[in-house]
Amino acid sequence: MLKKLEELSKRYAELNDMIQDPELVRDPKRYKEIMREHSHLSQVMDSYAEYKEVLQGISEAQHLITEEDDHDMKEMAREELKALESRVPEMESALKMLLIPPDPLEEKNIIMEIRGGAGGDEASLFAADLFRMYTRYAEIKNWKYEIMDASETEVGGYKEISFSISGKFVYGSLRWEGGVHRVQRVPETEAQGRIHTSAVTVAVLPEAEETEIEIRPEDLRVDVMRAGGPGGQCVNTTDSAVRLTHLPTGLVVIQQDEKSQIKNKAKAMRVLRARLFDLEESKKQAERSAARKSMVGSGDRSERIRTYNFPQNRVTDHRINLTLYKLDQFMQGNLDEMLDALNISAKEAALKSAVPSET
């Protein structure tokens with residue numbers, strides 16, 4: 001670890017020189033990357049400086065104990081040594097966590113897609129429950145959300161709904177929510193009180209900027225049509241719905257939530273760009289060695305990640321074997337305990353591959 005920290009000290013010095021160069025601001029993308037790395041290493045260097053002070057203090061205390069003749073001075077040195085040594089494990093643990101390079105995607109906004117799976121009407125109702133859960137969490141975090149598209153069911157649920165969330169550290173907080181969410185409860189329509197099991201799939205897509213994903217006009221087919229769905233003023237009145245087909249990948253995005261064709265096309269482009277970006281990131285992850293993959297989950301949307309058991313007021317995340325008996329609070333958007341545990345687990349897994357165990 002100390003060798004790694006010394007290497008980062010040299011890199012930090014290089015970055016300090018780079019940010020003094022007035023030419024850097026002329027390249028916005030590189031400027032952003034350099035400033036992000038500099039900000040991360042500033043935290044590392046501050047912690048490293050404090051760690052070195054403690055090690056220096058330990059060395060001085062040990063010297064006093066060995067060389068000092070005065071009994072009182074020796075006792076003071078022993079007390080100081082004990083206090084300093086007790087700080088070392090926690091400081092080393094914090095430093096190891098800081099040595100994990102930050103993921104540039106963590107700061108991105110997201111587009112979240114929720115789809116009802118097995119379970120029919122009950123699955124659509126739970127899709128609506130998850131939408132409310134995530135938007136309440138967004139409100140708690142002072143993030144903004146916007147519905148991109150929604151397909152409602154007659155019982156008041158969602159066959160599928162997509163929405164964007166923007167704010168600070170959105171993807172970093174919600175990135176592990178993608179997968180199959182299983183619910184166990186008595187549906188409102190169940191007369192005999194039997195517990196049913198349904199499933200909903202969630203996708204979390206980091207939202208790409210226009211400069212990150214280029215969509216060539218010749219690669220895109222745009223079709224306009226009349227909006228459809230269960231009611232709504234815009235249904236069957238104007239050709240406002242837009243379908244985008246990305247010819248190289250075959251990805252299709254249909255947007256009909258807005259009455260304006262222009263607005264629907266703009267939203268569809270955001271969704272398409274996010275899906276293409278997610279496709280590229282998935283390819284990159286697949287190319288990495290197994291040792292560098294997170295132990296939290298594969299990101300496969302077919303993977304069952306969590307069970308919500310309403311009769312027991314229990315929510316269980318199967319990837320980290322964490323069970324909370326506070327499902328009622330969880331559904332109100334109080335997700336931090338679970339999300340923090342997922343992020344810590346992911347960092348610990350990354351740490352095993354990024355930093356040798358010996359110091």
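Select Tyr-308. Tyr-308 is buried, with a relative accessible area of 0%. The model is predicted, so treat each stop as a feature of that prediction.

**Stop 1: Tyr-308 and its ring partner**

Add Phe-330 to the selection. The two rings form a tilted aromatic pair, 6.1 Å centre to centre, with 55° between the planes. Tyr-308 lies in strand 9 and Phe-330 in helix 7 (residues 327-330), so the pair ties together parts 22 residues apart in sequence. Phe-330 is buried as well, at a relative accessible area of 2%.

**Stop 2: the core around it**

Tyr-308 is also among the residues with the most contacts inside the largest nonpolar core. Show the others on that list: Met-112, Ile-114, Leu-130, Tyr-134 and Leu-174. This core has 54 residues. Colour helix 4 next: it gives the most to the core, with 9 residues. Now colour by domain. Domain 2 (110-210 + 294-354) and domain 3 (217-286) both give residues to this core, so the core lies between them.

Centre on Tyr-134. Which residues does Tyr-134 touch, not counting those up to four places away in sequence? They are Met-112, Ile-114, Phe-163, Leu-174, Glu-177, His-181, Arg-306 and Leu-335. Keep Glu-177 and Arg-306 on screen; they return at the next stop.

A separate core lies apart from this one. It has 24 residues, and Ile-34, Val-44, Val-54 and Leu-84 are among them.

**Stop 3: Arg-306 and its two acidic partners**

Select Arg-306 and Glu-177. Their side chains meet in a salt bridge, 2.7 Å from N to O. Glu-177 sits in the loop between helix 5 (170-174) and strand 4, while Arg-306 is in strand 9 (residues 304-309), so the pair ties together parts 129 residues apart in sequence. Are these two residues buried or exposed? Glu-177 has 1% relative accessibility and counts as buried. Arg-306, at 0%, counts as buried too.

Now add Asp-317. Arg-306 forms a salt bridge with Asp-317, and the closest N and O atoms are 3.1 Å apart. Here strand 9, with Arg-306, is linked to strand 10 (residues 314-317), with Asp-317; the two residues are 11 apart. Both Arg-306 and Asp-317 are buried.

**Stop 4: Arg-185, between an acid and a ring**

Select Arg-185 with Asp-129. These side chains meet in a salt bridge of 2.8 Å, N to O. The bridge links distant parts of the chain: Asp-129 is in helix 4 (residues 121-140), Arg-185 is in strand 4 (residues 179-185), and they are 56 residues apart. Asp-129 and Arg-185 are both buried.

Add Phe-310. Arg-185 lies over the face of this ring, at 4.9 Å from the ring centre. For another charge over a ring, go to Lys-52. It lies over the face of Tyr-48, 4.5 Å from the ring centre.

**Stop 5: the wider charge pattern**

Show every salt bridge: the structure holds 25. One group to pick out is a network that links Glu-146, Glu-207, Glu-258, Lys-267 and Arg-270.

**Stop 6: the aromatic cluster**

The structure holds 6 aromatic pairs. Start with Phe-131 and Tyr-158. Their arrangement is edge-to-face, 5.9 Å centre to centre, with 80° between the planes. Phe-131 lies in helix 4 and Tyr-158 in strand 3 (residues 158-166), so this pair ties together parts 27 residues apart in sequence. Both residues are buried. Then add Tyr-145 and Phe-163. Ring pairs link these two with Phe-131 and Tyr-158 into a cluster.

**Stop 7: two asparagines with positive phi**

Select Asn-142. It is not a glycine, yet its phi is positive, at about 60°. Look for it in the loop between helix 4 and strand 2 (144-152). Asn-142 counts as exposed, at 70% relative accessibility.

Jump to Asn-313. Phi is positive here too, near 55°. Asn-313 is found in the loop between strand 9 and strand 10. With a relative accessible area of 25%, Asn-313 is partly exposed.

**Last stop: zoom out**

Show the whole chain as a cartoon. There are 8 helices and 11 strands. Of the 359 residues, 40% count as buried. Among contacts with a separation of 6 or more, residues 24 or more positions apart account for 61%.

Terms used:
Residues numbered from 1 in each chain as written. Heavy atoms only, no water. Salt bridge = Lys/Arg side-chain N within 4 Å of Asp/Glu carboxyl O. Helix = DSSP H or I, 4+ residues; strand = E, 2+ residues; numbered from the N terminus. Buried < 20%, exposed > 50% of the residue type's maximum accessible area, 1.4 Å probe, protein only. Phe/Tyr/Trp six-rings, centres within 6.5 Å; stacked < 30°, edge-to-face > 60°. Lys NZ or Arg CZ within 6 Å of the ring centre and 35° of its normal. Core = buried A, V, L, I, M, F, W, Y, C linked by side-chain atoms within 4.5 Å. Domains from an automatic or database assignment. Contact = heavy atoms within 4.5 Å.
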